[in-house]
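Colleague: I am new to this model. Can you take me through how its strands are called what they are called?

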Amino acid sequence: MAPELTPILDRRLVIVTGKGGTGKTTVAAALAVAAARQGRSVLIAEVGGQEQVPQFISPGHPPVGYAGSELIPGLTSIHIDPHEALAEYLGLQLRVRGLVDLVMRNKGFAQLLNAAPGWRELITLGKVWHLAQMQDAGRPRYELIVVDAPATGHGLTFLDVPRVVGNAVRAGPLRGHAHLVEELILDPEQTLLLPVALAEELPARETAELVQRAQSDIGIAIDRVVVNAVAPPPFPPGVPDDLDTRLHAIDDAVALGGLPRPSVLATCASYLRARHQLNAGYVEQIRRDCDRPLVILPYCPGGITGAGPLADFAEPILAAGGLPA
Amino acid sequence: MSVETFTDSAPKPASLPSDRLGDLLHERKILVVVGTGGVGKTTVAAALAVEAARRGQRVVALTIDPARRLCDALGIDPPSSDARGAVQSLSEAARTTLEIQGSGRLDTIMLDMKSTFDGLVQRFADDEKTRARILDNPIYQHVSDALAGSAEYAAMEKVHELSEGGQYDLIVVDTPPSQHALDFLEAPQRLVEFLDSRLVQLLVHPAMAAGRFGFKLFHRTSQRVLQIVERVSGVGFLEDISEFLLALEGMSEGFKDRATHVRRLLLGPTSAFLVVAGPSPQTARSAFEFLARMRGTGVPVEGVLMNRMRLWPDGESVPDGLSQGPVETADLDALAAALSAADAANPGDTELGDPRAAARSAVELAKRYASLVQQDERSASALRDQTERDRKLFARIPELPRDIHDLDGLVRIGDVLFRNLRLPSSQAGASDAGS
């Protein structure tokens with residue numbers, strides 16, 4: 001049974017996840033822009049890798065880094081670097097700058113960090129938690145935080161780390177903090193996981209697994225699944241849907257002036273028809289396997305940049321219940 | 001050594017450095033396939049492994065998460081099964097279809113993080129008591145399978161085991177999905193540095209002497225650092241880590257040997273790295289950055305395979321008339337007439353309707369496809385130029401009509417990469433959609 005759709009903009013935290021190449025960052029950026037345009041104060045947090053979000057929203061914008069920067073009115077973008085987050089955390093805990101420097105500049109500690117798994121995920125989510133607590137004049141500084149999570153595979157691991165650390169550590173501040181982060185992630189009123197899939201075999205299967213594991217292993221809420229880059233129907237109404245076959249039937253020697261040969265036209269048409277059918281088939285598979293409302297987003301050659309186009313792109317995501325396929 | 005050059009601007013899908021790529025399959029022992037997620041890395045790795053086996057090599061493919069249909073096609077168990085970590089051979093049917101003969105062999109291993117680590121402990125722990133202590137340690141239980149990075153360790157470990165075993169001529173490694181192709185390379189080094197680090201030594205030895213942190217050692221700064229960390233992390237955490245490391249200590253020489261050995265292997269003359277990129281601007285850029293970071297590191301990056309390129313059907317470049325300006329009315333009329341004539345000869349099951357509307361739609365689709373071809377070509381061009389400057393190979397794999405998870409698709413990738421075969425245009429879109 002799919003949970004009821006709460007307006008996505010009423011959440012505190014939306015974690016956008018998906019395999020590399022699904023357009024996850026575009027979806028995260030679009031959602032953040034749309035929310036900001038509706039008057040919310042929004043933060044978009046990019047995690048790991050290279051900073052991309054500012055280039056999607058305001059092409060040419062200088063890197064925002066860990067300090068973050070307001071890209072458009074009401075929308076701040078930050079890039080969470082785990083080392084900076086760790087230094088900030090230690091600073092908050094130890095309250096003495098010198099001690100933090102001593103630790104962070106220690107070569108042995110750097111090597112320990114290089115090898116130790118898990119701390120990047122924990123400290124990153126800890127930073128997100130911390131941002132969610134920030135207040136200005138008694139009101140949350142950020143009403144909505146959109147996280148562009150690491151690609152799936154690492155995506156769920158990313159969310160599981162607070163639980164793992166909370167269990168592995170017996171006592172002390174770290175344990176308490178890990179539990180706070182876990183509480184926020186698991187609160188269905190506040191936090192939503194938004195998977196982004198492609199209508200292709202591997203992403204479709206991985207998304208189904210993600211939805212299933214997110215529910216059974218982690219317990220984070222998922223109320224809709226985004227299927228991105230779905231090819232539109234190739235032929236307009238009135239044009240037969242075997243147009244490619246008909247083009248193939250034309251003698252290739254027929255002169256068409258400046259147009260490509262009939263067989264070339266046929267190949268183009270059948271490519272786009274096959275692509276659409278392939279996508280349509282996997283959209284249905286995702287619908288069956290995920291048992292959630294789907295948000296179908298069109299394939300946009302060349303990508304989407306700029307606040308205006310992104311806000312338009314996000315419309316179907318905001319509409320509760322998504323769009324008909 | 002011949003280097004493929006691209007002197008003209010027209011796309012040349014049929015002209016590929018096939019010999020050089022083919023030589024890698026014979027001359028190298030380890031082929032590491034890297035690339036960001038979503039570019040079809042697993043499929044390309046499988047196609048390379050199939051090609052080598054068809055050439056009579058004994059091949060093992062290490063993979064992390066193959067598509068179910070690929071498993072079905074190869075006749076191996078899916079990733080969700082108990083077969084993780086085990087060597088699986090091709091089904092007899094797959095061998096026949098792929099025309100693998102004689103000594104040629106293709107085995108597959110799906111990496112399993114937990115059992116890889118357990119296996120290490122079994123092998124290197126001094127005695128039963130140590131073994132049990134490690135396996136029961138809470139840190140170990142979480143570190144070994146739950147946290148990021150363990151896939152890389154597991155892959156490294158498997159490469160070591162297989163290269164020692166000597167049963168295979170070629171190991172093809174499909175690296176774990178990650179944002180950074182570098183993660184795979186850095187994992188062994190991280191492990192060595194970790195075990196070597198003073199802090200680890202400090203954690204281990206006072207524990208041995210005093211049962212908990214004695215802090216009597218000479219590295220004052222490191223002691224101080226540990227005290228500070230302990231203030232934040234809580235006492236139990238460092239004790240558990242310490243005990244875990246203490247238990248690992250007895251094994252660490254074995255670990256270190258392996259990590260060093262694997263790194264030497266991966267950077268040595270018997271290995272080759274191939275970067276798989278996709279035609280989207282982001283994945284192409286990320287491959288470009290990978291090449292830049294690898295320059296001068298000694299990592300034997302041999303080239304870039306550009307997967308899922310949309311190529312113009314007749315192998316030439318997109319005709320100017322299609323990408324610029326409106327289409328001549330006379331040409332549209334000619335196409336409409338040709339459609340009508342073909343319809344008269346063979347009416348088919350559907351109604352042709354207005355032949356001019358159909359002709360307009362056909363031209364519209366050709367334009368749409370042409371812009372996709374040009375877009376992919378733009379993404380590829382910077383990478384192609386860079387590989388040329390670096391004297392590395394560059395090859396394009398056309399997007400095949402559907403997901404390539406059947407044997408036929410793997411063979412066709414091989415045909416394109418190694419035999420300069422272009423897909424006949426009549427096949428390029430004529431298939432049914434996937435289920």
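Modeller: In this predicted model, Leu62(B) stands opposite Val173(B) in β5(B).

Colleague: What makes strand β2 of chain B and β5(B) a pair?

Modeller: Pairing needs at least two bridges. Strand β2 (residues 58–63) of chain B and β5(B) have 4 bridges, in the parallel sense. They therefore count as paired.

Colleague: How do you know that strand β1 of chain B and β5(B) pair?

Modeller: By the bridges again. Strand β1 (residues 30–34) of chain B shares 4 bridges with β5(B), also running parallel. At least two are needed, so the two strands pair. Within β5(B), Asp174(B) is the residue opposite Val33(B).

Colleague: Why is strand β5 of chain B called mostly covered?

Modeller: Buried means under 20% relative accessible area. In β5 (residues 170–174) of chain B, 5 of its 5 residues are buried, so the strand is called mostly covered. Leu170(B), Val172(B) and Asp174(B) point one way, Ile171(B) and Val173(B) the other.

Colleague: Why do they split like that?

Modeller: Because side chains in a regular strand alternate between the two faces of the sheet.

Colleague: And chain A: what makes β2 and β4 of chain A a pair?

Modeller: Strand β2 (residues 42–47) and strand β4 (residues 75–80) of chain A have 6 bridges in the parallel sense. The cut-off is at least two, so they pair. Ser77(A) in β4(A) is the bridge partner of Ile44(A).

Colleague: Which order do the strands of the open sheet in chain A follow?

Modeller: The 8 strands run β3-β4-β2-β7-β1-β8-β9-β10, with mixed pairing.

Colleague: What makes β3 and β10 of chain A edge strands?

Modeller: β3 (69–72) and β10 (294–298) of chain A each pair on one side only.

Terms used
Residues numbered from 1 in each chain as written. Chains lettered and ligands numbered in written order. Predicted model: local features only at pLDDT ≥ 70, side-chain atom pairs only at ≥ 80, totals over all residues. Heavy atoms only, no water. Buried < 20%, exposed > 50% of the residue type's maximum accessible area, 1.4 Å probe, protein only.
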